[in-house]
Amino acid sequence: MSFSAIILAAGKGTRLKSDLPKPLHKVAGMPLLGWVTGALNSAGADSIFTVISPGSQQIESWLAGSPAIIQEPQNGTGHAALCCLDRLQALGDKPVIILFADTPLVTSATISGLVERVQGGADICVLGFHTDQPDGYGRLVCDRTGKLTAIIEHKDATDEQRSIGEVNSGIMCAKASVLCALLPKLTSANAQGELYLTDIVELGVEAGMIPTYALADPAELVGINDRVQLAAAEAVAQARLRHAAMLSGVTLTDPSSVFLSADTRIERDVIIEPHVVFGPGVHIGAGTTIKAFSHIEETECGTDCVIGPYARLRPGTKLGNGVKIGNFVEVKNTIMDDGAKANHLTYLGDSEIGSNVNIGAGTITCNYDGFNKAKTIIGVGAFIGSNTALVAPVTIGAGAIIGAGSTITQSVAENALAISRAEQSHKQDAAERFRERQGQKKK
Ligand code: UD1
Ligand code: MG
């Protein structure tokens, strides 16, 4: 299905009260704009134009070369679409879908359905939804036969029109040629003194066209104007991601307490206990269990691992198969090969840890001297005793053993045993003498 898309992203987003442009606010770890372009790409859009305001460098760099059209001044949604006129003129009768950057949860199936209506002959097809709280939305006004005759903005509507429960989602699809004919006719004779994209419905009727509409699930069409709506969209996105994870063979003991990112990939037979948070860039291999209260981001995890409870896996963590990461263990920019274990109270940063290495409780890689980061390398099968400080750069050879409580500043050879700790001294009966002395002093 060949179609083009225009994303309107030039609005000021005033109600978010933010220094970050609205299209870059995130839902499930992904910018709003990423959700819209993702859905368009999976529906097969072959070109996407994004309308932005001047000086939106952050959005332009996010777009990374995909066409951005500058709208100046921001004179309404119709004006924003009009700024794309040059591009539209080259597209003939091709369907063009217009979407808003602040309506991120529309699915590729809904997009395809709307585009198909135009491919099937409709000149304009508007996507609407039914709501009991239509305030703020444009109302879909139909004649007695049910044909769409106009979209009337809330501020321009009569009381009778305001009682209509079918509203405009803001998304519509039309033939490029229809947009080219109607957009230049828009006027700003309305309550907000702007060019309303929605007026092309009435202009279409006047030109003898039959605009149509389709209704979709309101959950897909949550519009984000403030942070309350941002949180509402997050809830919808999370519900969708959890549902998809479970249907693909992942057990979520308490789905509502697991937070996923839009790009989280979890293979089958993974078990996720309550209160686990996945930041962006996580892939979990089959058969792994993530225990409660773990926080994971930019991590590649192999199969059959056990992570947590209370584990923190930070960016650059790469775990092989059968790795165990226990409670209060933090791992950053570290590779752990198959069967390696760090079960308790440990920090592993900038490290390469061979297979079957055992990291004892309280081990710390001292990877930062206040200026630079340095590496710790631990060979296959080495055993690091509890409460060891590994002062990087340092290499522990394969099969080496480090005695508990050591501070290791020099590399250790393969199969060597290294201990660095103060000698233990013994004073016969000194404990008893101590108690006597203290007892006499006690008042
Ligand atoms: C719009 C619709 C309304 C619909 C509602 C759904 C119009 C006139 N009204 O109203 O019928 O029910 O969305 O949420 O279309 N934008 C620009 N340039 C501008 C103005 C806006 O790019 O000059 C962009 C914004 O960034 C945003 C989108 O267009 O992504 C919608 O703008 P907004 O001001 O939120 O429109 P609404 O008043 O919500
Ligand atoms: Mg809006």
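Which of the 21 residues around ligand 1 come nearest? I started my notebook with that one, working from a predicted model. I found Gly-11, Gln-71, Thr-77, Glu-153 and Asn-168 at the top of the list.

**Entry: the shell by class and by element**

I sorted the shell around ligand 1 by class and got 11 polar residues, eight nonpolar ones and two charged ones. I then looked up which elements these residues belong to. Helix α3, spanning 77-82, supplies at least two residues of the shell, and so does strand β10, spanning 166-175.

**Entry: polar backbone atoms**

Next I looked for backbone atoms facing the oxygen atoms of ligand 1. I noted a polar backbone atom of Leu-8 at 2.9 Å from an oxygen atom of the ligand. For Gly-138 I also wrote down 2.9 Å, again between a polar backbone atom and a ligand oxygen. At Asn-75, a backbone N or O atom lies 3.4 Å from an oxygen atom of ligand 1. I then checked the cover: ligand 1 taken alone exposes 760 Å², and the protein buries 86% of that.

**Entry: the largest pocket**

Where does ligand 1 sit? I found ligand 1 in the largest pocket. I put the space in this pocket at about 1300 Å³. Its lining counts 39 residues, and I listed Arg-15, Thr-77, Phe-100, Asp-102 and Asn-225 as the closest to the pocket centre. Thr-77 thus turns up in my notes twice, among the residues nearest to ligand 1 and among those closest to the centre of the largest pocket.

I repeated the class count for this lining and got 19 polar, 11 nonpolar and nine charged residues. Helix α3 and strand β10 came up here too, each with at least two lining residues. The largest share comes from β10, with three residues.

**Entry: the second largest pocket**

I moved on to the second largest pocket, with a volume of about 210 Å³. I counted 13 lining residues, with Arg-240, Leu-241, Ala-244, Ala-262 and Thr-264 closest to the centre.

Which element gives the most to this lining? My answer is α9, with four residues. Helix α9 covers 227-247, and strand β14, at 265-266, also supplies at least two residues of the lining. By class I have eight nonpolar, three polar and two charged residues for the second largest pocket.

Conventions
Residues are numbered from 1 along each chain as its sequence is written. Chains are lettered from A and ligands numbered from 1 in the order in which they are written. This is a predicted model: local features need pLDDT of at least 70, side-chain atom pairs count only at pLDDT 80 or more; totals for chains, interfaces and linings use all residues. Side-chain values use heavy atoms; hydrogens and water are left out. A residue is near a molecule or strand if one of its heavy atoms lies within 4 Å of it. A polar contact is a pair of N or O atoms within 3.5 Å; within protein, one must be able to donate a hydrogen and the other to accept it, and residues adjacent in sequence count only if both atoms are side-chain atoms. Accessible areas come from the Shrake-Rupley method with a 1.4 Å probe; for residues, only the protein chains shown count as cover. On a 1 Å grid over the protein atoms alone, a cavity is a set of points where a 1.4 Å probe fits but cannot get out, and a pocket is an open set with protein on both sides within 12 Å along at least five of seven lines; lining residues have an atom within 4 Å of a point. A molecule sits in a cavity or pocket if more than half of its atoms lie within 2 Å of its grid points. Ala, Val, Leu, Ile, Met, Phe, Trp, Tyr, Cys and Pro count as nonpolar, Asp, Glu, Lys and Arg as charged, and the others, Gly among them, as polar. Grid points are joined across faces, edges and corners, and a volume is the space filled by probe spheres set on the points.
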